[in-house]
Amino acid sequence: MSVDIEDMGPVDYLIVEFRGNRMTGEGLPLLVDLVDRGLIRILDLKFVRKDSDGSVVAVELTDFGDEPELTVFEGASSGLLDQGDFDDAGAALEPGNSAAILVYENVWAAPFARALRRGGAQLVASGRIPVQALLASLEAGEEAA
């Protein structure tokens, strides 16, 4: 992948656990839509499985069959992820479950990021607020009111 770092938007990752190794594919068309609309660029999409003995193994996209939605992402690999990352992801999984590890660039934010860099600014922290925490905070505020 040949990309000028100065032109990139922020890069995020997420890990989605599938209980009992069951993936419905319901979210894949939405992911494809985000890519097609130029909002994100997939840098890596890997799948892992945590066996009952706690070992974590990478699972190839081709192991899921010929699902057309999945073949769109075949070859999405920047080389950022390695076995250490798979093991870290596996630490968040229950045995017998699998997960998708998605690394993506927020292309929508690239012009903003470029402008900040030109001005000498740099991102020094970022984070996410889990939906559950947001809902709990909103509920607590409503109860207090």
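Trainee: How many bridges join β2 to strand β3, and what makes them count as paired?

Mentor: Four bridges join β2 to β3 (residues 56-59), and the two run antiparallel. Two strands pair if DSSP finds at least two bridges between them, so β2 and β3 pair. Within β3, Val 57 is the bridge partner of Arg 49. Five residues lie between the strands of this hairpin, and Gly 54 there takes a positive phi near 90 degrees.

Trainee: On what kind of model does this rest?

Mentor: This is a predicted model, in which local features need pLDDT of at least 70 and side-chain atom pairs count only at pLDDT 80 or more, while totals for chains, interfaces and linings use all residues. Residues are numbered from 1 along each chain as its sequence is written, and side-chain values use heavy atoms, with hydrogens and water left out.

Trainee: How many helices and strands does the protein chain have, and in what order do they run?

Mentor: The protein chain has five helices and four strands, where helices (H or I, at least four residues) and strands (E, at least two) are DSSP runs numbered from the N terminus. From the N terminus on, the order is β-α-β-β-α-α-β-α-α.

Trainee: With which strands does β4 pair?

Mentor: Strand β1 (residues 11-18) and β4 pair in the antiparallel sense over eight bridges, with Phe 18 opposite Ser 98. β2 and β4 also pair in the antiparallel sense, over nine bridges, and Lys 46 stands opposite Ile 101 there.

Trainee: Why is β4 described as largely enclosed?

Mentor: Buried means under 20% relative accessible area, exposed over 50%, and partly exposed in between (1.4 Å probe, protein chains only). Nine of the nine residues of β4 are buried, so the strand is largely enclosed by the rest of the structure. One side carries Ser 98, Ala 100, Leu 102, Tyr 104 and Asn 106, and the other Ala 99, Ile 101, Val 103 and Glu 105. Of the 145 residues of the protein chain, 26% count as buried.

Trainee: What makes a set of residues a nonpolar core, and which elements supply the largest one here?

Mentor: A nonpolar core is a set of buried Ala, Val, Leu, Ile, Met, Phe, Trp, Tyr and Cys residues joined through side-chain atoms within 4.5 Å. The largest has 12 residues, including Phe 18, Leu 31, Ile 40, Val 59 and Tyr 104. The elements giving two or more residues to this core are α1 (28-36), β2 (40-50) and β4 (98-106). The largest share, four residues, comes from β2. Apart from this core lies another, of 11 residues, among them Met 8, Leu 43, Leu 81 and Val 103.

Trainee: Which residues does Ile 40 touch?

Mentor: Contact means heavy atoms within 4.5 Å. Not counting residues up to four places away in sequence, Ile 40 touches Leu 31, Leu 34, Val 35, Tyr 104, Glu 105, Asn 106 and Val 107.

Trainee: Why is Ser 77 called partly exposed?

Mentor: Its relative accessibility is 45%, so Ser 77 falls between the limits for buried and exposed. Ser 77 lies in the loop between α2 (68-71) and α3 (83-91). Leaving aside neighbours within four places in sequence, Ser 77 is in contact with Leu 43, Asp 44 and Lys 46. The C-alpha atoms of Ser 77 and Val 103, 26 residues apart along the chain, are separated by 9.2 Å.

Trainee: How do you know that Leu 138 is partly exposed, and where is it placed?

Mentor: Leu 138 has a relative accessible area of 49%, so it counts as partly exposed. Its place is in helix α5 (residues 131-144).
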